[in-house]
Every structure is written in C-alpha cells, then in structure tokens.
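Q: I'm new to this one and would love a close look at a single part: the largest pocket and what sits around it. Could you walk me through it in plain words?

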Amino acid sequence: MFVHPQPSQKQLSNMYKKSSGYFATSQPDLSKSSSASSTWLHNLLISKGIKTGTLLDIGCSTGQFIYHLKTMGWQVYGIDVNAEAVQIGKKHNLEVHAGTLEDAPYQKNYFDVITMGDTIEHVPSPRQLLTFSYDLLGKDGILFINTPNAKCGF
C-alpha cells in the first residue's frame, strides 16, 4: 500500500512543518516524555546479546526515542526531514540531522542498530531507503522497522 502519485520533496517538506499541524502537540522537553518505547527496544536488544552500541533513528522527529536510549548508554544519532522537530533534539544535545538519509553525513558500516518507526511508508522509495540503511549497518547490524498494518482497523 502506498500513496499515488507520490508527493514531491517540496510538498513533503511543506507537510512536515509545525505550521501545517505536524507534531504541533509534541513535548518540547524530552526529559518529560515517555521512555516506554526506548526501554522496550533496549531490553529486546539486551535479550539478543546486544548491550549498547551505535544507533541511528531514521525519522527521529524531536529525538524523544533516542534521547532516552542515550541515557541507557547508547551512542545515538537521528535524522528527520522536519527541521523544526530536529531543533528540539539539538536543544537536548542530540546528534540529529535535518534532511534525508541520502544527504546525511554518516559513514558506511558504522551503526550497530538502525531503527525506523512509522517512517518507511512516508518515503518515495522504500527500496532506496533500505539500500542506504544496509550500507550504513555494520557487519552484524540490525535494522528494526515498525510500520502500520493496513488491516489493523485504524
């Protein structure tokens, strides 16, 4: 399932702005945000023998997810097309980048874990996103994707 025709990059940039209502209600103080998702993933990775390492969150928004993972010992990075949301992460001293993965300053084979939460369904080319992600993962790296289920009733 996908959107057709795909919006242009300019249209996407206009959609993902606070003035358009996107993340207008997000918590700007990340210390007051929920750590539940971060704790869940951290514990899952520990159960698989991965204690900490380098983690990139693609579609990081404000950085809430990686903010909490950082407190658990992860070396975290994030990227999002929403420059306003990324500014919140920067204010919390997170290594976050505004833009697309294709333009990001990340080294190949660098990350132990890459996450995408509700992201892959928003990009013009999921295949290209997966290819770039694969190149960024280390030898035994893990790509963790969460995406909506069209049959879930929402």
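**Around the largest pocket**

A: Let's start with the walls. Eight stretches each supply at least two residues of the lining of the largest pocket: the helices α1 (9–15), α2 (36–47), α3 (64–71) and α5 (126–136), along with the strands β1 (54–58), β2 (75–80), β4 (111–117) and β5 (137–146). Keep in mind that this is a predicted model. The biggest contributor is α2, which puts five residues into the lining.

Now the space itself. The volume of this largest pocket comes to about 1,100 Å³. It is lined by 43 residues, and the ones closest to its centre are I58, G59, G117, D118 and T119. If you sort the lining by type, you get 20 polar residues, 18 nonpolar ones and just five charged ones.

Three of the names from the centre of the pocket come back when you look at N146, a residue of strand β5. Leaving out residues up to four places away in sequence, N146 touches M116, G117, D118 and T119. With a relative accessible area of 40%, N146 falls between the 20% and 50% cut-offs, so it counts as partly exposed. As for G78, it is 68 residues away from N146 in sequence, and the two C-alpha atoms are 16 Å apart in space.

Next, have a look at α2, the helix that gives the most to the lining. One of its residues is S38. S38 has a relative accessible area of only 1%, which is under the 20% cut-off, so this serine is buried. Beyond its sequence neighbours within four places, S38 is in contact with Q64, F65, H68, L69 and M72. S38 and L69 are 31 residues apart along the chain, yet 5.7 Å separates their C-alpha atoms.

That brings us to α3, another helix that helps line the pocket. A run of α3 residues is buried: F65, I66, Y67, H68 and L69. The cover over these buried residues includes helix α2 and the strands β1, β2, β3 and β4. After α3 comes G73, which has a positive phi, near 105°.

α3 also leads us to the greasy side of the story. As a general point, nonpolar side chains in soluble globular proteins tend to be buried together. Here the largest nonpolar core has 17 residues, with L55, I66, W74 and L94 making the most contacts inside it. Two or more residues of this core come from each of α2, α3 and α4 (83–91). Of these, α3 gives the most, with four residues. L55 shows how many parts meet here: apart from neighbours within four places in sequence, L55 is in contact with L41, I66, L69, W74, Q75, V76, Y77, F111, V113 and T115. There is another core as well, separate from the largest one, and its 14 residues include L56, L101, F111 and M116.

A few loop residues are worth a stop too. T100 is placed in the loop between β3 (95–98) and β4. Its relative accessibility is 19%, under the 20% cut-off, so T100 counts as buried. Neighbours within four places aside, T100 is in contact with Q9, I79 and V81.

The same loop, between β3 and β4, holds N109. N109 has a positive phi, near 60°, even though this residue is not a glycine. N109 counts as exposed, because its relative accessibility of 56% is over the 50% cut-off. In the loop between α4 and β3 you'll find N93. N93 isn't a glycine either, and its phi is positive at about 60°. At 62% relative accessibility, also over 50%, N93 counts as exposed.

Last stop: charges. The whole structure holds one salt bridge. In it, the side chains of D29 and K32 meet at 4.0 Å, N to O. K32 is exposed, with a relative accessible area of 63%, while D29, at 25%, counts as partly exposed.

Technical notes: Residues are numbered from 1 along each chain as its sequence is written. This is a predicted model: local features need pLDDT of at least 70, side-chain atom pairs count only at pLDDT 80 or more; totals for chains, interfaces and linings use all residues. Side-chain values use heavy atoms; hydrogens and water are left out. On a 1 Å grid over the protein atoms alone, a cavity is a set of points where a 1.4 Å probe fits but cannot get out, and a pocket is an open set with protein on both sides within 12 Å along at least five of seven lines; lining residues have an atom within 4 Å of a point. Grid points are joined across faces, edges and corners, and a volume is the space filled by probe spheres set on the points. Ala, Val, Leu, Ile, Met, Phe, Trp, Tyr, Cys and Pro count as nonpolar, Asp, Glu, Lys and Arg as charged, and the others, Gly among them, as polar. Buried means under 20% relative accessible area, exposed over 50%, partly exposed in between (1.4 Å probe, protein chains only). A nonpolar core is a set of buried Ala, Val, Leu, Ile, Met, Phe, Trp, Tyr and Cys residues joined through side-chain atoms within 4.5 Å. Contact means heavy atoms within 4.5 Å.
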